[in-house]
Amino acid sequence: MIKVLAIDDEPLALKQLSAYIQKIPFFELCGECGSALEAKKIMNEENIDAIFCDINMPDLNGMDFVKSLAAPPIIVFTTAYSEYAIEGYKVDAVDYLLKPFGLDEFKRAANKVKKQYDYQNASAETESKEEEVTDLTKNEDDDTIFLKTEHRVIRISISDIRYIEGMSEYLKIHLDSMQKPIIVLLSMKKLEERLPDYFMRIHRSYIINLKKIVEVNKNRVIMGEDLYLPIGDLYREAFNDYLNRKFIGK
């Protein structure tokens with residue numbers, strides 16, 4: 001079953017959208033959201049495969065909401081304004097429904113969602129059958145690893161990593177050499193096991209390169225200008241032990 005969210009600030013439109021979703025045998029309606037902020041909360045707690053999202057909403061419109069997601073699900077936009085159609089495809093929406101739309105139009109969009117979902121899961125299944133080295137491979141050069149991101153395999157230097165940020169099933173890997181982080185489908189534990197001993201987990205959501213620490217200030221590690229990472233209670237003792245081993249002075 002494909003887990004789906006319905007998002008629309010208009011109650012009647014939301015009710016119709018939800019009813020259509022429930023008519024599709026391969027869809028599971030996981031939530032009816034009256035705002036993007038409400039949807040974001042659900043998506044932080046549950047894995048959602050696809051969203052049907054209105055564009056014109058208060059506080060945070062649908063387009064900006066999708067652009068704010070580090071790893072967006074399959075997207076179908078709904079709106080009464082046709083001028084958003086081209087913009088919708090710029091953020092990799094699989095379809096665009098112009099209000100008012102009927103069940104037949106919705107079914108066509110639903111089939112596009114299923115086609116994309118099946119493609120993504122077929123790729124994931126193939127990858128899972130390969131050896132672990134296809135997900136995270138060490139070269140004979142210990143400083144080199146290969147990571148899969150956005151259907152590509154890229155090579156990075158471990159020493160180039162400043163810190164790693166966990167986001168549910170995904171990781172953001174922040175590098176000194178790149179402005180934007182690399183986003184990979186990988187567990188924090190799996191990557192942590194492959195990193196050298198100059199990396200340390202300081203929080204449930206953060207692993208840092210100890211060589212790149214600028215300052216330690218109370219319960220925060222400063223990794224650069226305006227970059228402050230918290231030290232979690234579970235990790236504070238190990239981190240303090242590391243500081244004590246490196247500390248010189250009274």
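Where is the place of proline 58? In this predicted model, proline 58 sits in the loop between strand E3 and helix H3. Proline 58 is classed as partly exposed because its relative accessible area of 49% falls in the range between buried, under 20%, and exposed, over 50%. Serine 35 is 23 residues away from proline 58 in sequence, and the C-alpha atoms of the two residues are 7.6 Å apart in space.

The two elements that flank this loop also lead to the interior of the model. E3 (50–54) and H3 (62–68) each supply at least two residues of the largest nonpolar core, and so much can also be said of strand E1 (2–7), strand E2 (27–33), helix H2 (36–45) and strand E4 (74–79). This core has 22 residues, and H2 gives the largest share of them, with four residues. Leu5, Ile7, Ile51, Phe65 and Phe77 have the most contacts inside the core. For a closer look, isoleucine 51 is a helpful example. Leaving aside residues up to four places away in sequence, isoleucine 51 touches Leu5, Ile7, Met43, Phe65, Val66, Pro73, Ile74, Ile75 and Val76. One of these contacts, Ile74, belongs to a second, separate core of 21 residues, which also includes Ala50, Phe101 and Ala110.

A pocket is the next stop on this tour. The second largest pocket holds about 200 Å³ of space. Its lining comprises Glu165, Gly166, Met167, Ser168, Leu171, Ser187, Met188, Arg201, Arg204, Ser205 and Tyr206. By class, four of the lining residues are nonpolar, four are polar and three are charged. Strand E9 (residues 161–167) contributes the most to this lining, with three residues.

Further along the chain, three strands are linked by two hairpins. Strand E14 (residues 215–217) runs antiparallel to strand E15 (residues 220–224), and three bridges join them. Within this pairing, valine 216 has valine 221 of E15 as its bridge partner. Two residues lie between the strands of the E14 and E15 hairpin, where lysine 218 adopts a positive phi near 55 degrees.

E15 also pairs with strand E16 (residues 227–230), again in the antiparallel sense, over four bridges. Here, glycine 224 finds its bridge partner in leucine 227 of E16. The hairpin of E15 and E16 has two residues between the strands as well, and aspartate 226 in the turn shows a positive phi of about 60 degrees.

Methods:
Residues are numbered from 1 along each chain as its sequence is written. This is a predicted model: local features need pLDDT of at least 70, side-chain atom pairs count only at pLDDT 80 or more; totals for chains, interfaces and linings use all residues. Side-chain values use heavy atoms; hydrogens and water are left out. On a 1 Å grid over the protein atoms alone, a cavity is a set of points where a 1.4 Å probe fits but cannot get out, and a pocket is an open set with protein on both sides within 12 Å along at least five of seven lines; lining residues have an atom within 4 Å of a point. Grid points are joined across faces, edges and corners, and a volume is the space filled by probe spheres set on the points. Ala, Val, Leu, Ile, Met, Phe, Trp, Tyr, Cys and Pro count as nonpolar, Asp, Glu, Lys and Arg as charged, and the others, Gly among them, as polar. Two strands pair if DSSP finds at least two bridges between them. A nonpolar core is a set of buried Ala, Val, Leu, Ile, Met, Phe, Trp, Tyr and Cys residues joined through side-chain atoms within 4.5 Å. Buried means under 20% relative accessible area, exposed over 50%, partly exposed in between (1.4 Å probe, protein chains only). Contact means heavy atoms within 4.5 Å.
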